[in-house]
Amino acid sequence: MFERHTALRSMHDLGLAAWFGGSLMGALGLNGAAAKLDDSRQRLPVASAGWARWTPVNAAAIGTHLAGAVGELVTESPRMAAQAGVGKVSAVKTGLTLGALAVTGYSRLLGMRLRRAGGPPVDGVTEPNVQTPTDVASWQRQLKLLQWAVPALTGTLVVVTAYMGEQQKPGQVLRGMLGRAGGLRSSSKTIGKAVGMGAPRIGKVVMGSPTRIAKVAAMGAATRHLVTAGR
């Protein structure tokens, strides 16, 4: 029986694509176009209206991506336990996701503050001028950095996702599982040598311990998953 998770992968990839693409287009296209308006008091309101229309779609995209990411994490857990390197990359991906969420949320908060500020004179959406109120200018300077941080983080997530896809190739899975098995054997030998005279006997106990059995079972499950699953 083939195990396919097309829906989860599609949710993960489409949501991330919208998150990355929307943030990049907004920073480069929407904010850039609003800065070209002749009336300096209309630049912030026009950009704020555009971001407000995009926010519900962006929230749906982020939610879709997170649902797909959690689903993939659950379905790939046997391979994470058996293949060396997968767990570390998953931890990096989780950290990047949390960072992107935090930056996106704070950027939205700054955007809401700018929208409530009305129409103060500005040079651009993230560029104040000498007539811009101090608090508005401060929010603009923060947003100028954060608007590029979101596409940078989500773009990195795209790259990490591609790398994790490479890790699912049969050759990579096999090498990772052999590396994990080699690490387990080295750990058993180290424990045996540390004990001294009782090393051979204790090594056998370690090999038959519940933890060892669980890891071996996880490796077996991952092997079956590799044989029957197709990406």
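Which side chains meet in a salt bridge?

## The salt bridge

In this predicted model, the side chains that meet in a salt bridge are those of Arg 9 and Glu 72, with a distance of 3.6 Å from N to O. Because Arg 9 belongs to helix H1 (residues 6-34) and Glu 72 to helix H2 (residues 43-75), the pair ties together parts that are 63 residues apart in sequence. The structure holds one salt bridge.

Both partners can also be described by how much of their surface is accessible. Arg 9 has a relative accessibility of 15% and therefore counts as buried, and Glu 72, at 14%, counts as buried as well, since the term is used for residues under 20% relative accessible area.

## Thr 126 in its loop

Thr 126 is found in the loop between strand S1 (122-124) and strand S2 (127-128), and because its relative accessible area is 4%, this residue is buried. Its side chain makes a polar contact of 2.7 Å with the side chain of Glu 127.

If residues up to four places away in sequence are left out, Thr 126 touches Asn 31, Gln 140, Arg 141, Leu 143, Lys 144 and Gln 147.

## A nonpolar patch on the surface

On the surface, Leu 24, Leu 28 and Trp 148 form a nonpolar patch, and together these residues have about 300 Å² of accessible area. Trp 148 is part of helix H5 (residues 134-167). With a relative accessibility of 39%, Trp 148 counts as partly exposed, because this value falls between the limits of 20% for buried and 50% for exposed residues.

Notes. Residues are numbered from 1 along each chain as its sequence is written. This is a predicted model: local features need pLDDT of at least 70, side-chain atom pairs count only at pLDDT 80 or more; totals for chains, interfaces and linings use all residues. Side-chain values use heavy atoms; hydrogens and water are left out. Patches are made of residues with over 30% relative accessible area and no salt bridge: like charges are joined within 9 Å, nonpolar side chains (Val, Leu, Ile, Met, Phe, Trp, Tyr) within 5 Å. Accessible areas come from the Shrake-Rupley method with a 1.4 Å probe; for residues, only the protein chains shown count as cover. A salt bridge is a side-chain nitrogen of Lys or Arg within 4 Å of a carboxyl oxygen of Asp or Glu. Helices (H or I, at least four residues) and strands (E, at least two) are DSSP runs, numbered from the N terminus. Buried means under 20% relative accessible area, exposed over 50%, partly exposed in between (1.4 Å probe, protein chains only). A polar contact is a pair of N or O atoms within 3.5 Å; within protein, one must be able to donate a hydrogen and the other to accept it, and residues adjacent in sequence count only if both atoms are side-chain atoms. Contact means heavy atoms within 4.5 Å.
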